[in-house]
Structures are given as C-alpha cells and as structure tokens.
Amino acid sequence: MKLRSIGEKGTQVFHQNLKITQLGKLGRIDEAIEVLSQMTQRNTVTYNSMISAYAKNGRVGNARQLFDEMPHRNLVSWNTMISGYLHNNEVEEAYGIFVRMPERDMFSWTLMITCYTRNGKLERARELFDLLPDKRDAACWNAMIAGYAKKGRFDEAKRMFDEMPVKNLVSWNSLLAGYTKNGEMCLGLRFFEAMPQRNVVSWNLVLDGFVQVGDLGSAWRYFEKIPDPNVVSWVTMLCGFAQNGKIAQAEGLFEQMPNRNVVAWNAMLAAYVQDQQIDKAVKIFGDMLEMDSVSWTTMINGYVRAGKLEEARELLNRMPYKNIGAQTAMISGYAHRGRMDEASQIFNQISIRDAVCWNTMIAGYAQCGRMVEALSLFRKMTNKDAVSWNTMITGYAQVGEMDKALQIFEQMGEKNTVSWNSLITGYVQNGLYLDALESTEVMGRERKRPDQSTFSCGLSACANLAALQVGRQLHHLVVKTGYLNDLFVSNALISMYAKCGMVVSAKQVFKDINHGDIVSWNSLISGYALNGYGEEAVELFEEMQIEGLNPDQLTFVGVLSACSHSGLVDRGLEVFKSMTEVHLIEPLAEHYAWMVDLLGRAGRLEEAFEMVRDMKIKATARVWGALLGASRIHRNLKFGKYATKKLLELEPDKASNYALLSNMNAEAGRWDEVERVRVLMKESDTDKQPGCSWIEVRNQVHAFLFDDPVQPRTEEICSVLKSLATEMTNTSPFMTPYN
C-alpha cells in the first residue's frame, strides 16, 4: 500500500513536470507557475523544467533565482541554466555558470561555444574550442562553422569544415546555411550540389535563400524538386509569395497544402496582415481550430496596423495567455496615435519587460514631444540598447533641445551609425548646419561607416551653407563607398549642387540617375528656379509630365518660384491654373505667395491683391510679405501699409517687418511715419536677429556672427581688418581708419 502510494505520487510529479514543460513552450508561464506552486513534492526535474520555462519566456532572472534555490543540482540543471542565458543572449552570465560547473559534458561545451558564436564573439568561442578536452564530437565543430558562416567569414568556416575529423549532415547544413542566409546563392548552390547526402533541411535552406534574395522563380523550381517537402518547405514558399505581394499565389499554395499545422495557418494570417487585408485576416483567424500566442499576436498586430485599436484591445483582453509581443503591439498602436495614457496602462500591466517593450514606450513619448516622461522611463530602464539611446537623441532633436541630445549622445557607450545619423539629422533639422558638418567629420575620424542617411544630411548641410568644396568631398566619398546609385543620396546631391550655384553639375547628377522619382525632378526644378533658369524649369516641368510623372505640390512650388524669379508672368498664371483645373491640386499658402510675388514684381499689384483677397485659405505671413515686398518695389504705400498691418498682426515681434515699412516711408519722404514706426518697433520690444555670414577656406566652413565674442580668431581678424583699413586710408583720401 505504501509502495503504491509512493508510485502514485511519483506519477503525479512526472505529469506535473511534463505540464510545466508544455506550458513553458506555449508561453503560458503564469499557468506553469501555478502548477509549480501547487506541487507538494518536487524533484530535480521539476526545478529544471521550471528554469527552462522561465528562460524561454524571457524571465531569466526568475530562472536564476530558482537555480540558486535548488537543494540539489545535476549536470542537466547547469546546462539548462546556460541554455536559458543563451536563449536570452546573456553571454557573460552564461560564462559565469560555465566556469562554476563542478563537471561538464560535451553538451556544456557546445552550449557555451554556441552562446559566443550566436552573439558574434567568435574569438572567445575559438578560445573555448581550443580548450576542448575532446575534439572528436561534431557538435562543437558545427557550432564554430555556423558562427563563422553566419558572420560571412566563409574562408574560416570552410577551413574548419575541411579540418573536421568526422562530418555529419548537420556539418554540411551549417555551412550551407551560412551561404544561403548571407545571400551567397552561387556558392550555396555549388556546395549543395557537392553534398554527399541531403535531407529536407538542406532543401529548405536553399529554398529560403532564394526567397530572401527575392528570386521566387528559382525558389519555386527547387520547391518542386524537394523529394518530400515538410510543413517548413510549404510555409517558406508561402512566405516568399506573401513578402513579394503575391497573395493570390500564397492563397493557392495554402489550399494545396496536404497538412496544415498552426505554423501554416499563422503564415497565411501574417500574409493577410502584411498585405493589409484585415477582413480576410479576421476570417482566417476565426477559422483556425488551434491557436498559439503567435496567432493572437499577429491578429492584434493586424488590427493595430489597420488603425482598429478598439478591436485590437478587445482581442488582447480575450487572449487566454497574454505575451509581451501582443502587449507591445498594443502599446505601439496607442503610441503612434498619441494615446500615451492608454499605452502606459498596458505597459504597467507587464511584469517582465524586454528592450523592445521599453523602447516602444519611450519612442511613443518622444514622438509626442513628452521628453520628461521619456527621460524618466529611459533612466529606469536596466536593459538599454542602442535603440534606446538613439530614440532619446532623436526625441530631443525633434523638440529642438540639441544640447540635451548631444548630452545623451556623449553619455552613450558604443555608438553605431544610426547614433551618429540621429545627431547629424537633429542638427540639420534645427538649422545647425556647421555642427552637422563637424559631426560628420568626427564620425569619419572615428572610422564609423557612413550610410545614405549620413550623406543625405551632410549634403543638406552643405547646401544650406553653400559649402561647395565640402559637398564635393562628400560626393567623392559617396562614389568611394558605393552609394552613388542610391536615389536618396542622388537627390541630395542635386539639391546641394543647385544651391551652391553649380546647375550644370546638378543636371549631370540628374541625368546619371537610372530611374528618378518625383523628388529628383522637384530637386532639379527648384535648382533651376533658385538660379534664375526659369525657362529650363518650365521645360523640365513639361518633360516630367511627358515621362508619365504626375506633379505634386512641391513641383508647383518650384515651377511658380522659377516663373517669379524669371518674370514669366503669363506662363506662371497658366501653371497655376493647370494646378487646380488639370491636376486637381488645391493651392497652399506657399503657392499663393509665389503668385503674389510673380504678379507684384511685374507691377500688377491690383491682381496680386485680388488673389490674396480671394484665397480659399487664410493668408500667411509669407503671402503678406510678398505683397509688402512688391509694394515697396513699386512704391505703393496703399498696399504696403495694408500688407504691413496684416503682417504685424501675424508677426508682431519680427523686426524685419518694421524695417521694411520704415524703408518704404523713408523712400517716399514720409519722415513722420518713419519715426512713428520706429517708436512702434521699440514699444513692441522686437529683437533683431544678429547678422551671420560664413566662408569656406581650405575645405572648412567658418561662421561669423555680429559682435561674436566666442569666435576663436577674433583678434587676428580685427588685426588684419585694421591693417587693411590703414592701407586703404593711405591710398584713398575718402577712407577713414577702421577702429
């Protein structure tokens, strides 16, 4: 009777251990904890199962706590803890367990080597490999081969493969995976053909390689050759179709599948979500006989992407076992729409948060300009990664606090290209072009590889400073680094050359673009306009329509400004008319401003005033400024005074508005009005912005502000100016010495 009781208890513990393992795999960690808490008897397997469940669900801290509390540990316990750290990419913690192990087997060594290779620490992995007590086991060799191949170090991977004492099919597949996952399909196919034997994993690796490089034709041919395709084969092909927008083919493949498991259903569900076919996604979700956490998360994400946040929240509430992926998707949906209080509510419900969850919340606050809350979360975050730091830099830049953005940047440990780009972009967005160029230069000195964003921002800074020589240097670097065919960079080059007055160079860059977009055409049209090439701008405008491109609002801004600068009044009126009647684009204030400028310069002030009066939208300061400028040119005090009145209502603190009106009155000899404007300006407490100029000397831009006390070469500059003034005084009776 006693033996039977012990046997029954043993069976019960066995089933409870099995249930913990299954719940852990399904992501139902809270239920696994509940099972553990109800167990009156536990054995070593119980602890090992729960440690594994914790680690697989991101709760590696809880796993370690349970590991430390274990009354008795066996070799499996130690290996399970290392595996948990491996699963959560915590390399050094895994190594701390590894060195404390009282004994190790080959699995222990393989786990630790894999931990290093998966995290790119190949030198540390090699050091461990060289310390192996027995190198006959293929698993450690395979881990090293996979690590080298994953990083694209194919020579070293192949050398280890050739040196292996005994190769198995996993060895061949490890190297094959390196080739195919890195897009090296020619090398991969040659290796595949040379394999002495293949299994379905080998075929699937080739299939996935073709899908990743977008070669669906080759992927399909190999799919049809697979002797016995499994669910992974079918799903890989289905995902290939879905990723390339071929939903009909994905649906057909799904219908042909001999066996569909939850992975297959999830793949089709994800295809509909990705293609934003939310109704079909809802239907297939409802048809699923079995759902896992991926199913629920994908559907919630689909609702979020479709903007149906209420449906997403309802589904999250119904989810039988919530996971961090679904909750983060919900937070992202709320954050993108500025509903941060609701996002915070979900965030606070999550007990164990990963870096993605924290970053989503921080980014939400940053996008709303709520940097106090963003900083508070950032400081509380213990698992900061590069994304966390970069998000804070971008957030401060967006609200114009570049000093704080720089402070975060300087506190950051390892800076990547995105970090530098975030800082440089912030400087450009806030008009700090010299700082942007200086940061670009420092980035190069620190040997950080620039990308298209770096070049685009750097070239934009050069354009705004008219720093042609620096721009040319960046152009050479673009060619050297292989970004010349990047459309984003080419468009920035067109703008840079155009704003520096090098229209011929801008046109040449435009001609060298294989397939330009609307931004390319707009950039050159604006370049022509800026440099007074009105006829060329209009011709290019007509050419782009012949090429089949529809102009947008920016196109018309460029063409109308070109007509204004070149005095093409009738052509400008035709273009403005075609904007609404042919292209059905409603004019913005900027379009009206250029039309007022165009008519005003031609002396047609009555028409200009009528256009302002008949505007469908409220006239901006830019519009009234154009009318005021034209009134001054043609000495029309009537329109000038009216425009000034409107301007001062919109911009009461802008000194240039008062100055323009004062000059108009002075030119008309109305000195009493000049004095009145001067008093009015003083009473309004306007501040005139200090003058700023810059020159480019030896490929370096030097800026000068009026009465600038921090210019490092002020004494030298004044000394030279004084000597020049003395020299001019000695040669001309009309000069007075410079003081």
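These exercises, each with a worked solution, read a predicted model region by region.

Residues are numbered from 1 along each chain as its sequence is written, and side-chain values use heavy atoms, with hydrogens and water left out. In this predicted model, local features need pLDDT of at least 70 and side-chain atom pairs count only at pLDDT 80 or more, while totals for chains, interfaces and linings use all residues.

**Exercise 1. Confidence**

Task: Find the mean pLDDT of the protein chain, then check residues 1-6 and residues 732-739.

Solution:
- Start with the scale. pLDDT is the predictor's confidence in each residue, from 0 to 100.
- The mean for the protein chain is 88. A value of 70 or more is reached by 90% of its residues.
- Next, take residues 1-6. Their pLDDT is below 50. Beyond near neighbours in sequence, this stretch has 0 contacts in the model (contact: heavy atoms within 4.5 Å).
- Then take residues 732-739. Here too the pLDDT is below 50. This stretch has 9 contacts beyond near neighbours in sequence.
- Now apply the caution. Where pLDDT is low, the predicted coordinates should not be read in detail.

**Exercise 2. Backbone angles**

Task: Inspect phi at Asn89 and Leu584. Place each residue in its loop and classify its exposure.

Solution:
- Recall the background. Most residues other than glycine have a negative phi, and most peptide bonds are trans.
- Asn89 is not a glycine, yet its phi is positive, about 60°.
- Asn89 sits in the loop between α5 (75-87) and α6 (91-100). Helices are DSSP runs of H or I, at least four residues, numbered from the N terminus.
- Set the exposure classes. Buried means under 20% relative accessible area, exposed over 50%, and partly exposed in between (1.4 Å probe, protein chains only).
- Asn89 has 49% relative accessibility, so this residue counts as partly exposed.
- Leu584 is not a glycine either, and its phi is positive, about 55°.
- The loop between α36 (569-581) and α37 (589-601) holds Leu584.
- Leu584 is exposed because its relative accessible area is 69%.

**Exercise 3. Two polar residues**

Task: Work out the surroundings of Asn204 and Asp451. Is each buried or exposed?

Solution:
- Locate Asn204. Helix α13 (residues 200-212) contains this residue.
- Asn204 has a relative accessible area of 9%, so Asn204 is buried.
- Leave aside neighbours within four places in sequence. Asn204 then contacts Ile226, Asn230, Val232 and Ser233.
- Asn230 has a further link. Its side chain and that of Asn204 are joined by a polar contact of 3.2 Å. A polar contact is a pair of N or O atoms within 3.5 Å; within protein, one must be able to donate a hydrogen and the other to accept it, and residues adjacent in sequence count only if both atoms are side-chain atoms.
- Turn to Asp451, in the loop between α28 (433-445) and α29 (452-465).
- Asp451 counts as buried because its relative accessibility is 19%.
- With neighbours within four places in sequence left aside, Asp451 contacts Thr417, Asn421 and Tyr483.
- The side chains of Asp451 and Thr454 make a polar contact of 3.0 Å.
- Finish with a distance. Asp451 and Ala562 are 111 residues apart in sequence and 33 Å apart in space, C-alpha to C-alpha.

**Exercise 4. Charged pairs**

Task: How many salt bridges does the structure hold? Examine the pairs of Arg28, Arg153 and Arg604.

Solution:
- Begin with the principle. Side chains of opposite charge can pair when their charged atoms come close.
- Apply the cut-off. A salt bridge is a side-chain nitrogen of Lys or Arg within 4 Å of a carboxyl oxygen of Asp or Glu.
- The structure holds 27 of them.
- Arg28 pairs with Glu31 at 2.9 Å, N to O. Arg28 is partly exposed at 23%, and Glu31 is partly exposed at 30%.
- Arg153 pairs with Glu156 at 2.8 Å, N to O. Arg153 is partly exposed at 26%, and Glu156 is partly exposed at 25%.
- Arg604 pairs with Glu607 at 2.7 Å, N to O. Glu607 is partly exposed at 34%, and Arg604 is partly exposed at 27%.
- Salt bridges that share partners also join Glu92, Lys121 and Arg124 into one network.

**Exercise 5. Cysteines**

Task: Count the disulfides in the whole structure. Why is Cys357 not bonded to Cys368?

Solution:
- A disulfide is a covalent bond between the sulfur atoms of two cysteines. The test is a pair of cysteine sulfur atoms within 2.5 Å.
- The search of the whole structure finds 0.
- The closest cysteine sulfur to that of Cys357 is in Cys368, 16 Å away, so the gap is too far for a bond.
- Cys357 counts as buried, at 0% relative accessibility. Cys563 counts as buried, at 0%.

Notes
Helices (H or I, at least four residues) and strands (E, at least two) are DSSP runs, numbered from the N terminus.
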